[in-house]
Amino acid sequence: MPLEWLMGWSGSLDRLRDVIGTGIQGVRDCNTTALGTVAFLLAMFVWYCYHVGREQPRAYVTVNSLMQGVDVGSLQNGYAHCHSPECVRCAHSDGLNQKLYHNLQEYAKRYSWSGMGRIHKGIREQGRYLTSRPSIQKPEVFFLPDLPSSPYFSREAQKHDVELLERNFPTILCEFEALYKAFSNCSLPQGWKVNSTPSGEWLTFFLVNQGTCVPRNCRKCPRTYRLLGSLRTCVGNNVFGNACISVLTPGTVIAEHYGPTNIRIRCHLGLKTPSNCELVVGGEPQCWAEGRCLLFDDSFLHTAFHGGSPEEGPRVVFMVDLWHPNVAAAERQALDFIFAPGR
């Protein structure tokens, strides 16, 4: 049997070699049929590439392009809402839940419905969750049901990432100080964003803004940016993921507001923490400490202020969004798909 199979295979190779040889000879002889065949195959290849290209996911719409043309009147609690139908993070409309359900169905077709119970329930009843939640916790965009809720989380919730960030405190601080030196030359160096506040100044320097990397800023903080890739629970692939340096000047008060979702934990690594600076989440005050991480759920009503003297300088934290520890791996993958930037 093996011998017969081998002889048959050898015969097939001989026939294939003859066909190829005939084709090459036909091209050399300008054989019309051969040239026509080659042209047809080339056309089919081009058509295939075009067809496959059309089926690829749409290019992500960056946050910066969505924000073009946004005026001051659209600023709410220091955040600009673009109202674009292309942006799930910013669009607040009756069609939002339909879009989310469509994205979930598309994900399930490609992968599986397994483990999607909470997400399906959350999308199906999103309107009720967002309107009937107690005023202390009201995420503005998406609420995942059955997650343990608490204004603050212990360091053990994401121990690996907390310890990694704290070990790299000197590196992050050094890159911030290099950035901050540019303020002596101009009022607002390139890459910084001014947020609306009742008093004072709140400045942010984003490395990742709503799931979209900001390459120009990342090049200015290369070691901090590389560190993000070492975090196990960083939310980096959907619109709820951010990483930035946040600066409050003395006298600054951030208006009370809610974050967009409860699927994440916001982590603040203290870089510079003058006295009389506080974060208040769900009515509970906490203070930052240099070189230490503070974890909280920003879907709770929260505010922050810097009541220190001008001589003490700004309050500075490195902020990064981490996954809520009770969001399962399958749910994280699905949420990354559903809330991909520009989807």
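This is a tour of one predicted model, stop by stop, with what to select at each.

**Before starting**

The model is predicted, so local features are reported at pLDDT of at least 70 and side-chain atom pairs at pLDDT 80 or more, whereas totals for chains, interfaces and linings use all residues. Residues are numbered from 1 along each chain as its sequence is written, and side-chain values use heavy atoms, with hydrogens and water left out.

**Whole chain**

Show the protein chain as a cartoon: it holds eleven helices and 14 strands. Helices are DSSP runs of H or I with at least four residues, strands are runs of E with at least two, and both are numbered from the N terminus. Switch to a surface, and the chain exposes about 17,900 Å², of which carbon and sulfur atoms supply 56%; accessible areas come from the Shrake-Rupley method with a 1.4 Å probe, and for residues only the protein chains shown count as cover. Of the 343 residues, 44% count as buried. Buried means under 20% relative accessible area, exposed means over 50%, and partly exposed lies in between (1.4 Å probe, protein chains only). Among contacts (heavy atoms within 4.5 Å) between residues at least 6 apart in sequence, 73% join residues at least 24 apart.

**Stop 1: helix α5**

Select residues 117-124, which make up helix α5. Which residues of this helix are buried? They are Arg118, Ile119, Gly122 and Ile123. These residues cover an arc of only 130° around the axis, so they sit on the same side of α5; the arc is that of the directions from the helix axis to the C-beta atoms. Turn to the face away from the buried side to find the exposed residues Gly117 and Arg124. Then add α4 (96-110), α6 (126-132) and α11, which are among the elements covering the buried residues of α5.

**Stop 2: aromatic pairs**

A pair of aromatic rings is described by the distance of the centres and the angle of the planes. Rings of Phe, Tyr and Trp (its six-membered ring) pair if their centres lie within 6.5 Å; planes under 30 degrees apart count as stacked, over 60 as edge-to-face and the rest as tilted. By this rule there are six aromatic pairs. Select Tyr107 and Tyr111: their ring centres are 4.8 Å apart and their planes meet at 35°, so this pair is tilted. Tyr107 is buried, at a relative accessible area of 4%. Add Phe337 to the selection, since ring pairs link Tyr107, Tyr111 and Phe337 into a cluster.

Move to Phe240 and Phe339, another tilted aromatic pair, with 4.7 Å from centre to centre and 50° between the planes. Phe240 lies in the loop between α10 (222-228) and β7, and Phe339 in the segment after α11 (329-338), so the pair ties together parts 99 residues apart in sequence. Both Phe240 and Phe339 are buried.

**Stop 3: a charge over a ring**

Select Trp288 and Arg315. Arg315 lies over the face of Trp288, 4.6 Å from the ring centre. A charge sits over a ring if NZ of Lys or CZ of Arg is within 6 Å of the ring centre and within 35 degrees of the ring normal.

**Stop 4: salt bridges**

Side chains of opposite charge can pair when their charged atoms come close. A salt bridge here is a side-chain nitrogen of Lys or Arg within 4 Å of a carboxyl oxygen of Asp or Glu, and the whole structure has eleven of them.

Select Glu166 and Arg155, whose side chains meet in a salt bridge at 2.3 Å, N to O. Glu166 is in helix α7 (residues 159-167) and Arg155 in the loop between β3 (152-153) and α7, eleven residues apart. Glu166 counts as buried at 16% relative accessibility, while Arg155 is partly exposed at 27%.

Next select Arg264 and Asp321, which form a salt bridge at 3.4 Å, N to O. Arg264 lies in strand β9 (residues 264-272) and Asp321 in strand β14 (residues 315-323), so this pair ties together parts 57 residues apart in sequence. Arg264 is buried at 3%, and Asp321 is buried at 0%.

Add Asp298 and Arg266, which meet in a salt bridge at 3.6 Å, N to O. Asp298 is in the loop between β12 (293-296) and β13 (302-306), and Arg266 in strand β9, 32 residues apart. Both are buried. Arg264, Arg266, Asp298 and Asp321 are linked in a network of salt bridges.

**Stop 5: Thr249**

Finish at Thr249, in the loop between β7 (243-248) and β8 (253-257). Is Thr249 buried or exposed? Thr249 is buried, with a relative accessible area of 15%. Leaving aside neighbours within four places in sequence, Thr249 is in contact with Gly200, Glu201, His306 and Pro314.
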